[in-house]
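Reader: I'd like to learn how to read a model like this one, feature by feature. Can we start with pockets and work from there?

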Amino acid sequence: MVDPGRLRLLALIERHGSLTAAAHALRLTPAAVTQQGARAERPRGATLTAAGALLASHGRTVEEASDKAEAELAALLGHLALRLRIGTFKAAALHLLPPALTALRHRHPDADVSVVDVASGRGADRISAGRLDLTVVESRGTPLAPPPHIRAHPLLLVRDRETQ
């Protein structure tokens, strides 16, 4: 079976003319590439055999597909990094979020921000399910106890007028 990584390596050797340059393109040391099964080059460079050239042509296809996949993934992750889904209760949506969202818009005008009404007890469940990125909750007297994979940060402490 032909290893796609070796095909890509052959294509890079063909393109750059040496194992050292191919290793550099892969961000590896020549020794690391050699350990992966490539033969060490002579100081004058590397010349592929007919079989190596044939496999290198397939390696170019693998490399192009890999580069395309990398670019598409980077674009997707860049878009996801600019997405923020917030769950909150009505009073927080009206009084706490507007200044924060305005500041966010100034820093990241392309951000995709959505705010949905969520009961305080349901926010952590929606974060765990991947439907929200953060939630603003109200806690009266009982400290929050989110699941271990969710961090809680107090935003505002309000004292009841009766206890003051």
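**Reading the pocket, the core and a buried charge**

Author: Sure. The largest pocket holds about 1,400 Å³ of space. Keep in mind that this is a predicted model.

Reader: Which residues are closest to the centre of the largest pocket?

Author: Val136, Val137, Glu138, Ser139 and Leu144, out of 40 residues that line the largest pocket. Next, look at which elements supply the lining: strand E1 (83-88), helix H5 (90-95), helix H6 (97-107), helix H7 (123-128) and strand E3 (134-135) each give two or more residues. H6 has the largest share, with four residues.

Reader: And how many residues of that lining are nonpolar, polar or charged?

Author: The split is 25 nonpolar, eight polar and seven charged.

Reader: Let's pick one out. Is Ser139 buried, partly exposed or exposed?

Author: Ser139 has 37% relative accessibility, so it counts as partly exposed. You'll find Ser139 in the segment after E3. Its C-alpha is 9.7 Å from that of Leu157, and the two residues are 18 apart in sequence.

Reader: Now the cores. What's the general idea?

Author: In soluble globular proteins, nonpolar side chains tend to be buried together. Here, the largest nonpolar core consists of seven residues: Leu9, Leu12, Ile13, Leu19, Ala22, Ala23 and Val33. Helix H1 (4-16) and helix H2 (19-25) are the elements that give two or more residues to this core. There's also a second, separate core of five residues, with Ile86, Phe89, Leu97 and Val136 among them. You've met Val136 already, as one of the residues closest to the centre of the largest pocket.

Reader: What about a charged residue such as Glu63: buried or exposed?

Author: Glu63 counts as buried because its relative accessibility is 5%, and the cut-off for buried is under 20%. Glu63 lies in helix H4 (residues 50-81). For a buried side chain like that, check its partners: the side chains of Glu63 and Arg15 are joined by a polar contact of 2.9 Å. Leaving aside residues up to four places away in sequence, Glu63 touches Arg8, Ala11, Leu12 and Arg15. Leu12 is also a member of the largest nonpolar core.

Reader: Can we zoom out to the whole chain?

Author: Happily. The chain has seven helices and three strands, running α-α-α-α-β-α-α-β-α-β from the N terminus. Of its 164 residues, 19% are buried. For contacts between residues at least 6 apart in sequence, 59% join residues at least 24 apart.

Notes. Residues are numbered from 1 along each chain as its sequence is written. This is a predicted model: local features need pLDDT of at least 70, side-chain atom pairs count only at pLDDT 80 or more; totals for chains, interfaces and linings use all residues. Side-chain values use heavy atoms; hydrogens and water are left out. A nonpolar core is a set of buried Ala, Val, Leu, Ile, Met, Phe, Trp, Tyr and Cys residues joined through side-chain atoms within 4.5 Å. Buried means under 20% relative accessible area, exposed over 50%, partly exposed in between (1.4 Å probe, protein chains only). On a 1 Å grid over the protein atoms alone, a cavity is a set of points where a 1.4 Å probe fits but cannot get out, and a pocket is an open set with protein on both sides within 12 Å along at least five of seven lines; lining residues have an atom within 4 Å of a point. Grid points are joined across faces, edges and corners, and a volume is the space filled by probe spheres set on the points. Ala, Val, Leu, Ile, Met, Phe, Trp, Tyr, Cys and Pro count as nonpolar, Asp, Glu, Lys and Arg as charged, and the others, Gly among them, as polar. A polar contact is a pair of N or O atoms within 3.5 Å; within protein, one must be able to donate a hydrogen and the other to accept it, and residues adjacent in sequence count only if both atoms are side-chain atoms. Contact means heavy atoms within 4.5 Å.
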